[in-house]
Amino acid sequence: MSTAYTADEMMTVAAARMLRNGAVCFVGIGLPSTAANLARLTHAPDAVLVYESGPIGAKPSVLPLSIGDGNLAETADTVVSTPEIFRYWLQGGRIDVGFLGAAQLDRFANINTTVVGPYAKPKVRLPGAGGAPEITSSAKEVLIVVKQSKRTFVEKVDFVTSVGFLAGGDSREQAGLTGKGPVAVITDLCILRPDPISRELKVATIHPGVDREMIASNCGWQIQFDENCTQTEPPTEEGLRVLRDLKARTAAAHGVEGEAA
Amino acid sequence: MAEWVSLAEAVASNVRDGDCVAMEGFTHLIPFAAGHEIIRQRRRSLSLIRMTPDLIYDQLIGAGCAEKLTFSWGGNPGVGSLHRFRDAVENDWPVPLAIEERSHSDLANAYVAGAANLPFAVLRGYTGSDFARVNDRIRSITCPFTGEVLAATPAVRPDVTVIHAQKADWKGNVLLWGILGVQKEAVLAAKRVIVTVEERVRSLDAAANACILPSWVVTAVCEVPRGATPSYAHGYYDRDNVFYRAWDSISRDRERFSAWIDRHVLQTESFANYLKLQNDPRVQAVYS
């Protein structure tokens, strides 16, 4: 097989690597679910995947198209009700990592999945919150995977659906939020991490073949690069093979591309 | 005690214009047949509640049945937008739709509060977000023991809850399994309850801790095989992903949507006839 890979594959592999083996991970549908399952099928076989529809310890052989697909229930250690997921397992403090996507993101990793434009008369009505507001506040830490563009990386989000570091600095702690917040944002161009003091996202590693100009021109704010910024480790052949097999199995099972919106 | 009736009778006697209606099912067991029957009987001014509006509420909203929607995630799962929902919010078509937007955790807690006969739900949520700015029913309460400030939101108390389940016995005791979502809580929070089931059986033969809704918390029970399609019923049939994808183009355009609702829902007599039409190869060809 070829070791050439797409920017999307780099993003998914880089996101998967962030999930440590054994972590209990609350998984959003789409890119986060792809990355979390890739992690489970490679370096993190003991990661516990929790989906908001109720499956705990799901081990799907193909990617779910919806957050409540039957194969999540069939392969889970247990399936609980949705109130129980949010009350006992998330709010109860049992989630190590929340793995989420975003429609809009600002420099402090605040997420908007609600509206583009004013709330009362939106230009685009997006799906809304789902489980994300309480995941970003209650999970011990948060990973965000999102394709980078000026449309997604904005100076100011039109609506704060789910909080990152609010206005930066210690404003998250001041607000009394329990979890640590976003520890990394993985895009198709780079990996960003919050500055320990200002909490502004800074480019920590740049994916192979990407330059600083590409990252800056796909960002709506003046993006900062960490002084120790390095290159992202490229995907291994094994990682790519497992990801492509997973996607092929998914396409065959669903009759459609297995990547959720 | 639940009464075994036809779905048409159940909707006629339990769903009234202006009612607050919850039709739950988290991706799984979505009561599509009942949703169609509400459209067929041309109910109006409903206040709809559902965590994930999905295609079922896109159809009800586009057909003009709703004046308010309370929800927490309004998309076509795995596909993209709900175009009828968006058209109603963005352009008031076919009628204006008021929205009350909450989070999954909030609505799940609010159903629990409703089932427990409490006036409001308490949760650790919404901190730092913009929700309270646009929804004045999202408030806060201070814990009398620790002083912690927590989110407080009104309980969900539907006039009618509608769910789909796998089985009911001849007495109307209902059994469901797989992904359960908030169905049990939605049933116990409601004044009246309609349950459609895949099959009517002599005995449920279920384990002691199975999710069983006793007959006496259900108002009407109806046998509607495949009543959750295009969503799925665990142990019976899979999700019709092709239809979920096709809905994106059917619903994108007002005329095409209206023609679809006319032909497939308003002009069919029952869900069985709708399914027959769906299985027609000429109809199938349109989706592929």
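In this predicted model, strand 1 (residues 24–27) of chain A runs parallel to strand 5 of chain A, and 3 bridges hold the pairing together on paper. One specific match-up puts A:V27 across from A:F99, its bridge partner in strand 5 of chain A. Strand 5 of chain A also pairs with strand 10 (residues 141–145) of chain A, again in the parallel sense, this time over 4 bridges. Here A:V97 sits opposite A:E141 of strand 10.

As for burial, strand 5 (residues 97–100) of chain A is covered on both faces. A:V97 and A:F99 are buried on one side, while A:G98 and A:L100 are buried on the other. So A:F99, the bridge partner of A:V27, and A:V97, the residue facing A:E141, belong to one and the same side of the strand, given the cut-off of 20 or more other C-beta atoms within 10 Å for a buried residue and the listing of both on that side.

Over to a loop residue: A:T178 of chain A falls between helix 6 (171–174) and strand 11 (182–186). A:T178 counts as partly exposed because it has 14 C-beta neighbours inside 10 Å, and the partly exposed class lies between 12 or fewer (exposed) and 20 or more (buried). Leaving aside residues up to four places away in sequence, A:T178 touches A:S137 and A:S138. A:G93 is 85 residues from A:T178 in sequence, yet their C-alpha atoms are 9.1 Å apart in space.

Turning to chain B, the domain assignment gives domain 1 (3–102 + 157–283) and domain 2 (120–154). The C-alpha centres of these two domains of chain B lie 30 Å apart.

Methods
Residues are numbered from 1 along each chain as its sequence is written. Chains are lettered from A and ligands numbered from 1 in the order in which they are written. This is a predicted model: local features need pLDDT of at least 70, side-chain atom pairs count only at pLDDT 80 or more; totals for chains, interfaces and linings use all residues. Helices (H or I, at least four residues) and strands (E, at least two) are DSSP runs, numbered from the N terminus. Two residues are in contact if their C-beta atoms, placed from the backbone, lie within 7 Å. Domain bounds come from an automatic or database domain assignment. Two strands pair if DSSP finds at least two bridges between them.
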